[in-house]
Amino acid sequence: MILRRLSRILLRILGCFIVVVIYNEFINYYVTLAQCNWPSTVRADHVKAIIVADIHMLGPFRGHWADKLRREWQMHRAYQTSITLFRPDVVFILGDLFDEGQWVDGKQFQEYVQRYRRLFYTDPQRTRVFGALGNHDIGFHYVTSPRLINRFENVFNNTDDTVLVTVKGVHFVLINSVRMEGDGCHLCQEAVKKVENISSTLKCAQGLTKCKNKDAIGAYSRPVLLQHFPTYRPTDSNCLDSDSEEFEAYRERWEVLSIESTKWLGKMLNPRVAFSGHSHNYCRVKNLLDIEEYTISSYSWRNKNNPKFLLALFTPNDYHVAVCGMPQESTVFAIYAVGSIVSVLLVLYIEFRPRTYEHYTKVQGKLS
């Protein structure tokens with residue numbers, strides 16, 4: 001009798017805990033992300049874009065397997081829920097997709113890619129995905145190589161790391177900012193040439209230069225700049241919006257682009273808005289080019305308790321941006337703690353609550 005009652009109590013507690021798990025690991029993502037909205041009324045001519053940064057999928061060298069499992073599940077559920085709720089036309093991932101991309105060999109890199117495609121599956125018939133390279137994908141300027149760059153290019157962007165993408169007349173330029181060192185190295189010279197070609201294409205559309213067949217992109221509009229490193233700024237202290245209270249000094253070519261590279265990109269591309277990552281913190285700032293720049297916080301709980309991504313709408317002449325907060329890791333832990341305690345107390349109350357006279361009469365009737 002005692003064992004049967006104990007088994008019943010444990011099963012009820014387990015059932016309650018399963019409900020908590022289902023809420024935390026599935027329903028919570030819909031509840032949280034459903035509170036986000038596109039920044040304006042969506043029209044047919046809008047390009048609907050989700051912009052994320054710094055996923056940092058762990059590789060074979062750093063981090064515990066449980067850490068990898070927990071954080072990758074978090075990103076998987078957030079991403080798939082976002083795609084389901086918002087149905088974007090395009091997704092931009094602004095670098096550091098992999099945490100150990102510069103260290104893994106060819107076989108380990110392919111395993112990385114397979115995991116990424118499983119966790120961040122996107123129907124190509126509905127949504128296009130483009131990625132900008134980050135320092136954790138290919139290493140910083142002083143350690144990167146054509147081999148590291150080329151194998152990442154083959155996953156994204158039609159085998160190129162600096163591309164001009166046009167969607168519904170909106171021009172997006174993705175830059176490999178690791179190669180924007182400005183020191184004249186071979187890799188940097190190649191990147192400069194690619195940016196110059198994109199600049200020529202944009203000037204052709206603007207009617208400023210003679211056009212070639214490959215330069216035809218339709219009507220001109222100022223492009224949207226996307227890259228991993230933010231353009232130059234000394235700190236985040238001038239952010240118009242920010243989710244960080246610590247404003248450490250940024251080093252050129254490490255945390256941000258150099259002043260020279262920033263000004264050069266502005267001269268070549270004349271962008272109307274910029275998006276970046278790398279710092280792991282959200283910041284909206286009027287940058288050195290006198291345009292708005294959105295630096296996106298990390299997508300992973302490994303780097304941020306309160307990760308965020310952007311919901312952005314673009315037309316050739318306008319843009320609107322909204323910040324979307326994902327479930328916070330501390331909140332999830334709190335739900336587990338409170339849910340577990342409530343489950344135990346609720347089951348114990350149901351099992352040991354005072355019985356009424358009618359209850360005992362009913363039980364006696366069944367026994368007789």
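Q: Buried means under 20% relative accessible area, exposed over 50%, and partly exposed in between (1.4 Å probe, protein chains only). Why is Cys188 called buried or exposed?
A: Cys188 has 3% relative accessibility, so Cys188 counts as buried. This is a predicted model, in which local features need pLDDT of at least 70 and side-chain atom pairs count only at pLDDT 80 or more, while totals for chains, interfaces and linings use all residues. Residues are numbered from 1 along each chain as its sequence is written, and side-chain values use heavy atoms, with hydrogens and water left out.

Q: What makes Cys16 a case for another class?
A: Cys16 has 23% relative accessibility, so Cys16 counts as partly exposed.

Q: Why are Cys36 and Cys324 called a disulfide?
A: A disulfide is a pair of cysteine sulfur atoms within 2.5 Å. The sulfur atoms of Cys36 and Cys324 are 2.0 Å apart, so the pair qualifies. The torsion about their S-S bond is about 85°, so this disulfide is right-handed. Cys36 sits in the loop between α1 (2-33) and β1 (47-52), whereas Cys324 is in strand β12; the two are 288 residues apart, so the bond links distant parts of the chain. Helices (H or I, at least four residues) and strands (E, at least two) are DSSP runs, numbered from the N terminus. Both Cys36 and Cys324 are buried.

Q: How many disulfides does the rule give, and what is known of Cys239 and Cys283?
A: The count comes to 2 disulfides. In the pair Cys239 and Cys283 the sulfur atoms are 1.9 Å apart. The torsion there is about -100°, so this disulfide is left-handed. Cys239 lies in the loop between β6 (224-227) and β7 (241-242), and Cys283 in strand β9 (residues 283-286), 44 residues apart. Both Cys239 and Cys283 are buried.

Q: How do you know that β2 and β3 are paired?
A: Two strands pair if DSSP finds at least two bridges between them. Strand β2 (residues 90-94) is joined to β3 by 5 bridges, so they pair, and they run parallel. One of the matches is Val91 with its bridge partner Val129 in β3.

Q: Which strands stand at the edges of the open sheet, and why are they edges?
A: The sheet has 5 strands in the order β3-β2-β1-β11-β12, with mixed pairing. β3 (128-132) and β12 (318-325) each have a single partner strand, so one side of each has no neighbour in the sheet. Neighbouring strands here are turned by 20° against each other on average, direction ignored. The axes are lines fitted to C-alpha atoms, for helices over the stretch in contact, with angles from 0 to 180 degrees between N-to-C directions.

Q: What makes β9 and β10 a hairpin?
A: β9 and β10 pair in the antiparallel sense over 4 bridges, with 5 residues between them. Asp290, in the turn, has a positive phi of about 65°. Val285 has Glu293 in β10 as its bridge partner. Strand β8 (residues 273-276) is also joined to β10, by 4 bridges, in parallel, and Ala274 stands opposite Glu293.

Q: How do you know that both faces of β10 are covered?
A: In strand β10 (residues 292-295), Glu292 and Tyr294 on one side and Glu293 and Thr295 on the other are all buried.

Q: What makes a set of residues a nonpolar core?
A: A nonpolar core is a set of buried Ala, Val, Leu, Ile, Met, Phe, Trp, Tyr and Cys residues joined through side-chain atoms within 4.5 Å. The largest has 58 residues; Ile55, Met57 and Phe309 are among those with the most contacts inside it. Another core, of 27 residues, lies apart from it and includes Phe130 and Tyr319.

Q: Why is Gln80 called buried or exposed, and what does Gln80 touch?
A: Gln80, in helix α2 (residues 65-86), has a relative accessible area of 15%, so Gln80 is buried. Gln80 touches Leu119, Phe120 and Tyr121, not counting residues up to four places away in sequence; contact means heavy atoms within 4.5 Å.

Q: How do you know that the span of α8 agrees with expectation?
A: The expected span of a helix is 1.5 Å times one less than its number of residues. For the 24 residues of α8 (residues 329-352) this gives 34 Å, and the end C-alpha atoms are 35 Å apart, which agrees. The buried residues of α8, including Val332, Tyr336 and Val347, pack against α1 and α2.
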